[in-house]
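Please find below my notes on the two-chain model. They are set out as numbered points, to be read beside the structure.

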Amino acid sequence: MATTEAPAPGKKVNRIGLEPLAYKGGKSTLCAGCGHNAISERLIEAFFEMGVEPSQVAKLSGIGCSSKSPAYFLGTSHGFNAVHGRMPSVGTGAVLANRKIIAVGISGDGDTGAIGIGQFVHLMRRNLPILYIVEDNGCYGLTKGQFSPTADLGSRLKTGVVNDLPPIDTCALAIELGASFVARSFSGDKKQLLAILKAALSHRGTAMIDVLSPCVTFNDHEGSTKSYSYVKDHDEPLGEVSFVPFFDDITVDYEPGSTTTVTMHDGSKLYLKKVAENYDPTHRAQALRLLRDTAERGVYATGILFVDSDRPNFVDLLNLVDEPLSMLPTERTRPSREALATIIERLR
Amino acid sequence: MLIPASVGEVYEMAIAAFDLAERLQTPVFVMSDLDLAMNTWMSDPFPYPEKEPDRGKLLDEATLKRLGSFGRYRDVDGDGIPYRTILMDGLPGYFCRGSGHDPEAHYTERPDDYVENVDRLARKFETAKTLVPAPEVIDEPGADIGIVAYGTSHFAALESRDQLRREAGIQAGYLRLRAYPFTSPLEGFLSRYKRVYVVEQNRDGQMRALMRLDLPPEQMVRVRSVRHYDGLPIDARTITDAILEQEGKTGARG
């Protein structure tokens with residue numbers, strides 16, 4: 001059994017007075033070296049550093065090794081392990097019932113790309129405020145390593161079977177569908193992933209992150225394009241990602257012209273330094289072009305692929321009241337006798 | 001399952017479904033059939049619901065103090081229904097996991113945790129029997145036969161009772177099922193008649209099969225089937241002729 005490491009020791013507390021320990025979960029029963037464990041560690045750090053209140057977080061997941069991981073972080077928060085591929089609908093219900101919650105949805109390349117592809121499509125369109133993470137290892141780990149829809153053409157299983165279907169690029173699909181924050185990262189890149197997670201927590205809509213997360217047991221061999229060695233050799237970061245939350249008084253030195261700055265809705269700042277070839281992460285068509293180009297070259301573009309911090313989210317579109325629906329007293333939620341009578345009259 | 005026979009009942013049962021789902025912490029299906037949902041029906045105006053919504057066993061501070069601690073799947077009252085908390089209510093959270101869990105909602109692979117939980121669900125099912133809508137019963141003292149129907153078969157069943165009386169002098173008691181699980185009035189009804197006909201609109205007599213699963217075999221020995229399954233809504237003549245045939249009398253169609 002593997003354990004998730006606690007962040008750096010010492011009695012440090014965040015802006016709401018909590019220690020890193022308050023953000024830990026149970027002991028992981030995933031394989032030692034699993035990429036998902038690293039992602040859980042980064043989530044613990046991100047929630048701690050952003051000063052998120054654990055009782056405000058709703059952990060959601062589908063089915064798979066990915067979806068087991070909510071048990072390994074934020075042990076005091078509510079969590080819901082939904083049926084396979086159906087976490088988006090459960091998450092939508094939860095967020096609409098209480099718009100104050102901070103929803104984090106953990107999914108996998110099978111849960112999202114195969115059985116859950118339908119729900120994923122509509123979640124990306126709606127821009128529900130949720131942090132949605134696809135822990136992507138190119139295989140169905142929990143069921144012993146069959147190819148998933150994100151497995152690359154020509155990649156090989158340990159048994160020698162070759163994948164002859166083209167992969168689904170969940171990031172390209174999300175961007176195409178109108179998603180407002182799309183990123184790709186790697187479980188082995190601590191710095192980049194942590195910065196992206198913190199920016200995602202600041203985002204006021206769906207923050208979709210595809211994290212390449214190698215499966216040490218079934219897809220980490222020669223012939224896999226989702227192994228630690230393959231991803232390290234073929235990772236092309238778009239630039240250095242830095243995130244300064246609104247509550248931090250930090251000035252960032254950067255050369256104007258080589259850095260793109262995105263101001264999030266809460267005032268936090270996202271810096272993308274030395275962005276590759278005038279890449280503009282606020283340009284949807286360009287992001288799709290980049291993903292097609294890098295896929296054709298057999299490399300993974302990582303970093304913030306696209307961000308639109310102004311797009312209204314699903315809660316805005318539905319024009320919900322400020323107070324959480326789940327907390328409203330019945331005097332506010334029950335229609336009056338007159339309302340029912342009016343409807344009945346119309347049916348006479 | 002709640003089984004409406006009219007649009008008025010669909011309205012009332014929709015309200016009841018929410019209350020039952022919250023009280024029993026279980027999904028509730030309102031079995032509104034295609035005939036009811038897609039055709040135009042007459043109805044009395046729907047009454048305004050006087051009852052307050054039932055939120056079920058939501059944990060509060062006072063209950064937490066009384067119980068001492070919170071276990072999401074702990075059967076503290078013996079009815080099989082534990083208390084629950086919801087996001088941001090200030091009370092302890094829990095992980096609703098897809099794998100085996102103990103009464104405190106922790107991960108477990110222990111066999112006795114599993115048995116304890118599924119036994120609790122059986123107790124909850126017994127509690128459900130005391131809460132779901134009871135059947136509508138019209139007894140016919142002295143009658144040899146009873147008719148059991150549900151959903152939109154209701155109207156044809158009532159008309160068939162009249163036809164049986166007029167054409168063959170046969171009286172019949174009538175029970176209209178309004179929910180599953182079955183409640184005690186159903187067993188009582190079965191015991192009061194020599195032969196009982198379960199009227200349904202499916203090929204295999206599914207409701208009768210469900211009754212056979214749940215009720216004692218000595219009750220079921222007297223229970224027969226009337227099945228209408230040609231895709232069109234059931235009519236009284238079909239019921240009347242099927243009963244007359246099984247009673248050893250000829251029907252209007254010979």
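**Notes on the model**

1. The model is a predicted one. A convenient place to begin is a single pairing across the two chains: A:Gly79 has B:Phe95, in strand E1 of chain B, as its bridge partner. The strands concerned, E2(A) and E1(B), the latter covering residues 95–96, run parallel and are joined by two bridges.

2. A:Gly79 also has a partner within its own chain, since A:Lys59 stands opposite A:Gly79 in E2(A). Strand E1 of chain A (residues 57–61) runs parallel to E2(A), and four bridges join them.

3. These pairings belong to an open sheet of nine strands with mixed pairing. Its order is E9(A)-E13(A)-E7(A)-E8(A)-E4(A)-E3(A)-E1(A)-E2(A)-E1(B). At the edges are strand E9 of chain A (235–237) and E1 of chain B, each of which pairs on one side only. As a general reminder, strands of a sheet pair through backbone hydrogen bonds, whether parallel or antiparallel.

4. The contact between the chains involves 21 residues of chain A and 15 residues of chain B. On the chain A side, strand E2 (78–81) and helix H12 (337–346) each supply at least two residues. E2(A) gives the largest share, four residues. By type, the chain A side consists of nine nonpolar, ten polar and two charged residues.

5. Chain A contains twelve helices and 13 strands. Is its radius of gyration what a compact globule would have, or what an extended chain would have? For 348 residues a compact globule would have a value near 20 Å, and chain A has 21 Å, so the two agree. Its C-alpha atoms fill a box of roughly 70 × 50 × 45 Å along the principal axes.

6. Of the 348 residues of chain A, 49% count as buried. Taking contacts in chain A between residues at least 6 apart in sequence, 73% join residues at least 24 apart.

7. The largest nonpolar core has 81 residues, and A:Val182, A:Ile196 and A:Leu305 have the most contacts inside it. Leaving aside residues up to four places away in sequence, A:Leu305 touches A:Val182 as well as others, among them A:Cys171, A:Ile175, A:Pro281 and A:Leu291. A second, separate core has 38 residues, including B:Met13, B:Ala16, B:Tyr174 and B:Leu175.

8. Chain B is divided into domain 1 (61–129) and domain 2 (136–246). The centres of these two domains of chain B, taken over C-alpha atoms, are separated by 39 Å.

Technical notes
Residues numbered from 1 in each chain as written. Chains lettered and ligands numbered in written order. Predicted model: local features only at pLDDT ≥ 70, side-chain atom pairs only at ≥ 80, totals over all residues. Contact = placed C-beta atoms within 7 Å. Nonpolar A, V, L, I, M, F, W, Y, C, P; charged D, E, K, R; others polar. Pairing = 2+ DSSP bridges. Core = buried A, V, L, I, M, F, W, Y, C linked by C-beta atoms within 7 Å. Buried ≥ 20, exposed ≤ 12 C-beta atoms within 10 Å, placed from the backbone. Domains from an automatic or database assignment. Rg over C-alpha atoms; globule rule 2.2 N^0.38 Å.
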